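Colleague: Before we go through this model, could you show it to me and explain the reasoning behind the words used to describe it?

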Amino acid sequence: MTTNIHITTKINNQPYEFLAPSYMSLLDALREIVGLTGTKEGCLDGNCGACTVNIDGRIVDSCLVLAAEIDGCDVQTVEGLATSEGLHPLQKAFLEEAALQCGICTPGFLVAAKGLLDNEPNPSEHRIRHWLAGNLCRCTGYDKIVKAVQKAASES
Amino acid sequence: MVQTFKQQSNFKVIGTRPVRHDGFDKVTGRAIYAGDVKLPGLIWGALARSPHAHAKIKSIDTSVAEKIDGVLAIITSKDMPETEDKMIDLGEGDENPRWTSNKLMAGDKALYKGHPVAAIAAVDRYTAEQAATKIKVEYEILEAHNDVDSALEKDATIILETLVGDDLGEEVKNTNMATHEKHDFGDVDKAFTEAAFIEENTYTMQMVHQGYIEPHMATAFWDEEDRVKIWTGTQGAFTARTALSGLLKLDVSRIKVTPCEIGGGFGGKIPVYLEPIAALLSKKTGRPVKMVMERTAVFETTGPTPGGKVWVKIGADKNGKLIAAESKIWFEAGCNPGSMIGPAAQCIYAPYDIPNTRIDTYDVIVNKPKVAAYRAPGSPQVAFAMESAVNDLCEKAGWDSMEFRMNNASDQGTRRGDGVRFSVIGTKEVINATKNSEHWNSDIGQPEEGKVRGRGISHGYWFNIGLKSSVNLNVNKDGTVTLIEGSTDIGGSRSSISMQAAEVLGIPAEDVRPSIVDTDSVGYTDVTGGSRTTYATGFAAWKAANNLVSELKNQVALYFDRKLEDVSFDSGVFTVKTDTVNEKPEKTISFKELAEKLYDFCGPVNSVGSVDLESAGDGFGMHIADVEIDLSTGKTDVIRYTAVQDVGKAIHPSYVEGQMQGGSAQGIGWALNEEYYMKEEGGMVNSSFLDYRMPTSLDLPNIETILVEVPTPLHPYGVRGVGEVPICPPLAAIGNALKDALDIRFTDLPMNPAKIVKALTKK
């Protein structure tokens, strides 16, 4: 018998309250219950980073977190990057530097890169490559992604 | 007769770098991929799969699964429609629906690990996946063949009992060899007797996967009128429709495929996998059914590119002229016939002008997933062999390998290994650009203690394809144009196609608004593959834009009440020349002004462009790899990398560079780490991203790009396909760099730390 868990949380600065089965991942809850499909499924075993979200300031693979674990937390997804003022500097830099091809890994990269720049505004190229090594991209060879993060860092 | 074009050089839009049209949707998470599709009443499907690579299926018991709460339907091979046993044209290759159907749902035998044996529909994903584990199957395990040598042994277990092999036109029964083809030109045996230097070696490689980050996903709805709607991430909505028509035994007009945004493909999302199963589950339940493939199954059951064996022998005269080449290519087809032996033969000698050549190719059935296209399918494997052999030949004879490549370079009119002669190609221009590059002329630098460095180069070639595309254009009142196309945008092609229409119309790229639509809403368009999209769909957009200009000229003549032949169009402005006879003055009107006036004057103006291009401009590239090897661990770091390529004409240079960088990265992964690691009894061991080990951002340097532009006369703007060439050179470029650093020739891919340490120990 499925047990539903009552979850009270904040997603992209908005309060949410919902019920989710005890076994449901945060990834599925975001996509299937909350309706935020910007967070992508790539592997379901924490290896690709397509489902990266930020929970209370830490970047995590949402496929490895149970929905129930975000009770009382502050969750940021790709949908929370842009504001009414416009795109986040990372989003702008990704567009200008052509840092995406198919785009499936892009939400995860953006959330992960923001996690870096929030704490280290001027990372070296090596630091960026090290930080983003948990996010796989198969289209770009990472060159333009790294350059976009460098550009966003220099402009923000 | 193939149409050719004189090339222009004064572009306004082409060659610029606008923000891609779908960019905002993709950086905000709004873009709708196949996994994001939601329909009222949606239920989920899941598959039960064989744990064995080769086994007789003695019985399937679904009774336990059926009783699980929430399970709505179960199907097995008995529910698959009886498909025809004939080849059907899927644009970039033919397919036999009977083989495909059997690949998607096992009949009396499981042919590869992960082969589906039953499909379940249930109220949610968790229930469907849970029920899949409760399907009970009784297997009789058979000997599995992991590679071509094992499958071709005299007493090998036959994998497909009904297969009739084709050995140079002779029918062969009881065999795992599906096809043997031969291409023979000149007098190869005589030429080898005249050669001053000969190099001969055998190279081996394992299957590798395309590695797209988005797993296969599909949603299907089979309605009461036997019309099937499919939402999926596919490289070709129309070829998916053709494949589904064969598999479901429905006319194509009963199937509507909506191509969603796609999370990578590289060839691997041309075949259908989940779509027909979801459709049959929908038929049985009357509900829309969604299926998402787990990553393990993506590796174990979908399109890798062939592993196999390539033997190559090349001979040159004492002056360094290649006079003979011979090769034998054995490719693993997987569980059904159809590896890329044809393209391998087309590509192997392409960078060189060799008068006497012979190629034997063998398509071999093994107990692994059926191969699918992967970026220049068949070419990287043979480039690894040929380009390694060329380096070793030069070393043996004491020749500079760059000069040797230039002295033997193919050119317009050169005969390829399969007999086709080249049109205008840029092999020599690419070699020159490589030779003159900063990278080639720079010092490799000093390694730390315990490490050594080496530099290698390699050619790469892909022929590129044309095929069918359709584009519709509609003029909006505000002077913008909507562009309707059927080519899945996998890496910025909306922009490169729109820019070609914008160039003709003399309007900014941003004023063309592209949409990729379903199979009911645009004319037939072949796959996004074969490096054809910017070339062929761009050509269709060019044609549609020119048709639009013709129609607008008519309207301008009517609007000003003047003769059509007096109307001209240039850079977005229509001009009606002075009519001296009737004393009427010159008139001009811009595209934008005209668009607004037309709305009231004549109503909507639109146009169509469609093409069926039998050929495309061939693509050549050359890469330089600098590597550093840790002598204690055998780990290779790529410390500098440059990709040089003839791109014809770069429409949007950023995305051309992106193709070159991405292809290089995949090739580097293939060279150093990636492989299907098989258990002896069959079945892939490393079927996760962690164990398969694709390159991460930390594994790669910046990938430098040099765009060489030798326009092909086959396209109005000189466009050559660019997507596939860059995966071809890295394997041998790195192999040659390792040879330079360690004086060891690696002939078996991947050249991973374990193999390097072993080779160093032996040395």
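Modeller: Let us begin with one pair of residues in chain B, where V452(B) stands opposite I629(B) in strand 30 of chain B. Please keep in mind throughout that this is a predicted model.

Colleague: How do you know that strand 22 of chain B and strand 30 of chain B are paired?

Modeller: Pairing asks for at least two bridges between the strands, and 12 bridges join strand 22 of chain B to strand 30 (residues 619-630) of chain B, so the two strands count as paired, and they run antiparallel.

Colleague: What is the order of the strands in the open sheet of four strands in chain B?

Modeller: The order is 22-30-31-32, and the pairing is mixed. Strand 22 (451-462) and strand 32 (703-708) of chain B each have a single partner strand, which is why they stand at the edges, with one side of each left without a neighbour in the sheet. From one strand to the next the twist averages 15°.

Colleague: Which strands does helix 17 of chain B touch where it packs on that sheet?

Modeller: Helix 17 (residues 653-672) of chain B touches strand 30, strand 31 (636-646) and strand 32 of chain B, and its direction makes about 125° with that of strand 32 of chain B. Helix 19 (residues 730-742) of chain B also packs on the sheet, where it touches strand 22, strand 30 and strand 31 of chain B, with its direction at about 150° to that of strand 22 of chain B.

Colleague: What makes strand 2 of chain B a partner of strand 6 of chain B?

Modeller: Here the count of bridges is two, between strand 2 (residues 55-61) of chain B and strand 6 of chain B, and because pairing needs at least two bridges, the pair qualifies; the strands run antiparallel. Within this pair, K56(B) stands opposite K109(B) in strand 6 of chain B. The pair belongs to an open sheet of three strands with the order 6-2-8 in chain B and antiparallel pairing. Strand 6 (109-110) and strand 8 (136-141) of chain B are at its edges, each with a single partner strand, so one side of each has no neighbour in the sheet.

Colleague: Turning to chain A, why is helix 2 of chain A called oblique to helix 5 of chain A?

Modeller: The axes of helix 2 (residues 89-96) of chain A and helix 5 (residues 143-155) of chain A come within 8 Å and cross at roughly 135°. That angle lies outside the range of 65 to 115 degrees for roughly perpendicular and is not over 145 degrees, as roughly antiparallel would require, and therefore helix 2 of chain A is oblique to helix 5 of chain A. The crossing is right-handed. On the side of helix 2 of chain A the contact has P89(A), L90(A), A93(A) and F94(A), which meet A148(A), V149(A), K151(A), A152(A) and E155(A) in helix 5 of chain A. By class, the residues of this contact are seven nonpolar, no polar and two charged.

Colleague: What makes helix 2 of chain A oblique to helix 3 of chain A?

Modeller: Helix 2 of chain A and helix 3 of chain A pack at an angle of about 130°, with their axes 10 Å apart. Since this angle, too, fits neither 65 to 115 degrees nor over 145 degrees, helix 2 of chain A is oblique to helix 3 of chain A. This crossing is right-handed. The residues that meet are L90(A), Q91(A) and F94(A) in helix 2 of chain A and T106(A), L110(A), A113(A) and K114(A) in helix 3 of chain A. They divide into four nonpolar, two polar and one charged.

Colleague: Which element gives the most to the side of chain A that touches chain B?

Modeller: The contact takes 42 residues from chain A and 43 residues from chain B. Helix 2, helix 3 (106-119), helix 4 (125-131) and helix 5 of chain A are the elements that give two or more residues to the side of chain A, and helix 2 of chain A gives the most, with four residues. That side divides into 23 nonpolar, 11 polar and eight charged residues.

Note on methods: Residues numbered from 1 in each chain as written. Chains lettered and ligands numbered in written order. Predicted model: local features only at pLDDT ≥ 70, side-chain atom pairs only at ≥ 80, totals over all residues. Axes fitted to C-alpha atoms, helices over the stretch in contact; angles between N-to-C directions. Parallel < 35°, antiparallel > 145°, perpendicular 65-115°, else oblique. Left-handed = near helix turned anticlockwise from the far one by under 90°. Contact = placed C-beta atoms within 7 Å. Nonpolar A, V, L, I, M, F, W, Y, C, P; charged D, E, K, R; others polar.
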